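Ready for a few hands-on exercises on voids and helix packing? Load the model, have a go at each task, and then check the worked solution.

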Amino acid sequence: MNKKDLLTEIVAKETKLLQALHTAEPVPANTLPAFKRMRQMTYVVLSEQTLQSWLNDLQIAERYGRNPLMEKYALIAGQIAPLKENPLIGKIVEQEMQWMDALSKNYPKLIKREAQTVELFEKYAQSELQSWSDASIELYWQDVQCGAAKQENFAQLRYEWLAKSLGKSCLQELEDSL
């Protein structure tokens, strides 16, 4: 499967998982396009190998009746104990936070780094990765190391993708529109 197909399949599975969450009210249909865009944005920087591994994780979760999105949100809310103690999660999150900090310096309206948003970003990222297999986490870490070695900023690449997907010519145009 090529990267585009992997992204499509992952986002479709995650959308199905979102709609299956047991919440007081069903997920409004008009929020699904934004959810899909944001999930695709999350993954556009990752390698095909990492995406394939995460897709495999989702397929296994589906087979066993698990909902990784439910697990992530339950972790964020402190409703369940941590799922794993993989030390690579902290390393990935630390690098992602550094990338967000660097990006916020150039795009302060788009990327607000107040204490509360920084804390939520960190908790969200840690919780999400706890729902991944150790193999997928290892591959994500390899992607992060490769990106850092090339002096790429995954946060910037993601937001550049978002800007283009919203019809903007560049990230600065998106920042200026806020």
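## Exercise 1: the enclosed void

The largest cavity has a volume of about 50 Å³. Before going on, a word on the ground rules: this is a predicted model, where local features need pLDDT of at least 70, side-chain atom pairs count only at pLDDT 80 or more, and totals for chains, interfaces and linings use all residues. Residues are numbered from 1 along each chain as its sequence is written, and side-chain values use heavy atoms, with hydrogens and water left out.

Task: work out which residues line the largest cavity and which element gives the most.

Solution.
- Step 1, set the terms. On a 1 Å grid over the protein atoms alone, a cavity is a set of points where a 1.4 Å probe fits but cannot get out; a pocket is an open set with protein on both sides within 12 Å along at least five of seven lines; lining residues have an atom within 4 Å of a point. Grid points are joined across faces, edges and corners, and a volume is the space filled by probe spheres set on the points.
- Step 2, count. By this rule there is 1 cavity of 30 Å³ or more.
- Step 3, list the lining: Glu14, Arg39, Tyr43, Trp54, Pro68, Leu69, Lys72, Glu128, Ser131 and Trp132.
- Step 4, assign elements (helices are DSSP runs of H or I with at least four residues, strands runs of E with at least two, numbered from the N terminus). Two or more residues come from each of α2 and α4 (68-76), and α4 gives the most, with 3 residues.
- Step 5, sort by class (Ala, Val, Leu, Ile, Met, Phe, Trp, Tyr, Cys and Pro are nonpolar; Asp, Glu, Lys and Arg are charged; the others, Gly among them, are polar). The cavity lining splits into 5 nonpolar, 1 polar and 4 charged.

## Exercise 2: the open pocket

Task: find which residues lie nearest the centre of the largest pocket.

Solution.
- Step 1, take the volume: about 800 Å³ for the largest pocket.
- Step 2, look at its lining of 29 residues; Met38, Thr42, Phe121, Tyr124 and Tyr159 lie nearest the centre.
- Step 3, map the elements. α2 (32-43), α5 (87-106), α6 (115-130) and α8 (154-165) each give two or more residues to this lining, with α6 giving the most at 7 residues.
- Step 4, classify: the pocket lining has 21 nonpolar, 2 polar and 6 charged residues.

## Exercise 3: helix pairs

Task: decide how α3 is directed relative to α7, parallel or antiparallel, then look at α2 with α8.

Solution.
- Step 1, get the geometry (axes are lines fitted to C-alpha atoms, for helices over the stretch in contact, with angles from 0 to 180 degrees between N-to-C directions). α3 (residues 48-63) and α7 (residues 134-149) pack at about 160°, with axes 9 Å apart.
- Step 2, read the angle. That makes α3 roughly antiparallel to α7, a label for angles over 145 degrees.
- Step 3, list the contact (heavy atoms within 4.5 Å): Gln49, Thr50, Ser53, Trp54 and Asp57 of α3 meet Ala135, Ser136, Leu139, Tyr140 and Asp143 of α7. These contact residues split into 4 nonpolar, 4 polar and 2 charged.
- Step 4, turn to α2 and α8, whose axes come within 8 Å and cross at roughly 140°. Here Arg37, Met38, Gln40, Met41 and Thr42 in α2 meet Arg158, Tyr159, Trp161, Leu162 and Ser165 in α8, a set with 5 nonpolar, 3 polar and 2 charged residues.

Notes. Parallel < 35°, antiparallel > 145°, perpendicular 65-115°, else oblique.
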